[in-house]
Amino acid sequence: MKKLNNWLENNTFQHSQFWDLKKLVEKKEERNLKISLCFPTLNEEETIGKEIILISSELKERYPLIDEIAVIDSGSTDNTQAIAEEYGAKFFLASDYLQEEGKMKGKGENLWKAIYLLKGDIIVFIDSDILNIHPKFVYGLLGPILYNDPIKYVKAFYERPINLGGGLLGSGGGRVTEILIRPLFAQFFPELAAVIQPLSGEFAGYREIFEQLPFPVGYGVETSQLIDIYQKWGLDAIAQTNLDERIHRNQSTKALGKMSFGILQTFWNRLSKYKGIDNISLENFSMINVETDENKTSKIITRKIVEQERPPMIEVEAYKNRK
């Protein structure tokens, strides 16, 4: 536990440590780095405009910390594209690119395509449904990387209030983390149990890291990143920053069950790859729920969830040619 406590002390930061944006820009320019910001989206017209405006005005125009802001979209049917383009973000429909690699859809697919589409040496990923967006969601992740050479990848952590309709409960978010991921990490990858919010959608890292990672296209992408980075570069390459609080749409317990079903597939794959556990053979790829209708009649509902993975981008011919 001594090593974990040392890591927690040395690799855990507060966003307020990086409030001096002028110095952050100087550090970026001193190291001759380009930084890209990616918002993965699917029908986020209610929040994406505010996120782009706030980050662009503060971190691109006033302080040139970010060189490009892009929206990578899964096929929104609302006004996400129009709003993103109106406020100056680059907009990419994920399915339009790397078509020769076949069709897949999901948040992880958007993140994977971002490695191909964006130009930065460092890429920051921010979820597009944040209601209390603030520049700290970006500079809080970049600070540890720009000031600490050994750090290659930074995760966000925060309080996640639950919206119960009548108001916000001060805590209770991150349910899948505490019920599923942390127990699994503690048993099989115990050093990763020190990561406070392993499933946070806000993280930043060097391109040279992301391009070497396989990307699950669905729910397992955050879990796979942590395990793969830890196995390849070690715990000291990872850091985390406290962003205080993140308010967003909370998902139902049933939706979190689907998420867990996908994450588990990714986790079993990593156990086989890194721990030599070869006897895990899934008998079923459909999530099974029992649902009761208004007549109190119960029936079985199945939803197929297969956590497919994209290869490391560095292995994709079109990316090698572009690079």
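Me: Why are helix 2 and helix 6 called oblique to each other?
Reply: This is a predicted model. In it, the axes of helix 2 (residues 21–30) and helix 6 (residues 136–147) cross at roughly 45 degrees. Roughly parallel needs an angle under 35 degrees, and roughly perpendicular runs from 65 to 115. The crossing angle fits neither class, so the pair counts as oblique.

Me: Which residues make that contact?
Reply: Helix 2 gives Leu21, Lys23, Leu24, Lys27 and Lys28. Helix 6 gives Tyr139, Gly143, Leu146 and Tyr147. They divide into 5 nonpolar, 1 polar and 3 charged. The crossing is left-handed.

Me: What makes helix 7 and helix 10 roughly parallel?
Reply: The axes of helix 7 (residues 175–188) and helix 10 (residues 253–275) cross at roughly 15 degrees. The cut-off is under 35 degrees. The two helices are therefore roughly parallel. Their axes come within 10 Å, and the crossing is right-handed. Among the contact residues are Leu180, Leu184 and Phe188 of helix 7 and Leu256, Ile263 and Phe267 of helix 10. The contact divides into 12 nonpolar, 2 polar and 2 charged residues.

Me: Why is glutamate 222 called buried?
Reply: Its relative accessible area is 7%. Buried means under 20%. Glutamate 222 therefore counts as buried. Glutamate 222 lies in helix 9 (residues 221–233).

Me: How do you know that glutamate 222 makes a polar contact with lysine 107?
Reply: The two side chains make that contact at 2.8 Å. The limit for N or O atoms is within 3.5 Å, so the pair qualifies. Glutamate 222 also touches other residues, including Lys155, Pro198 and Phe203.

Methods
Residues are numbered from 1 along each chain as its sequence is written. This is a predicted model: local features need pLDDT of at least 70, side-chain atom pairs count only at pLDDT 80 or more; totals for chains, interfaces and linings use all residues. Side-chain values use heavy atoms; hydrogens and water are left out. Helices (H or I, at least four residues) and strands (E, at least two) are DSSP runs, numbered from the N terminus. Buried means under 20% relative accessible area, exposed over 50%, partly exposed in between (1.4 Å probe, protein chains only). A polar contact is a pair of N or O atoms within 3.5 Å; within protein, one must be able to donate a hydrogen and the other to accept it, and residues adjacent in sequence count only if both atoms are side-chain atoms. Contact means heavy atoms within 4.5 Å. Axes are lines fitted to C-alpha atoms, for helices over the stretch in contact, and angles run from 0 to 180 degrees between N-to-C directions. Angles under 35 degrees count as roughly parallel, over 145 as roughly antiparallel, 65 to 115 as roughly perpendicular and the rest as oblique. A crossing is left-handed if the near helix is turned anticlockwise from the far one by less than a right angle, and right-handed if clockwise. Ala, Val, Leu, Ile, Met, Phe, Trp, Tyr, Cys and Pro count as nonpolar, Asp, Glu, Lys and Arg as charged, and the others, Gly among them, as polar. Lists of a residue's contacts leave out its neighbours within four places in sequence.
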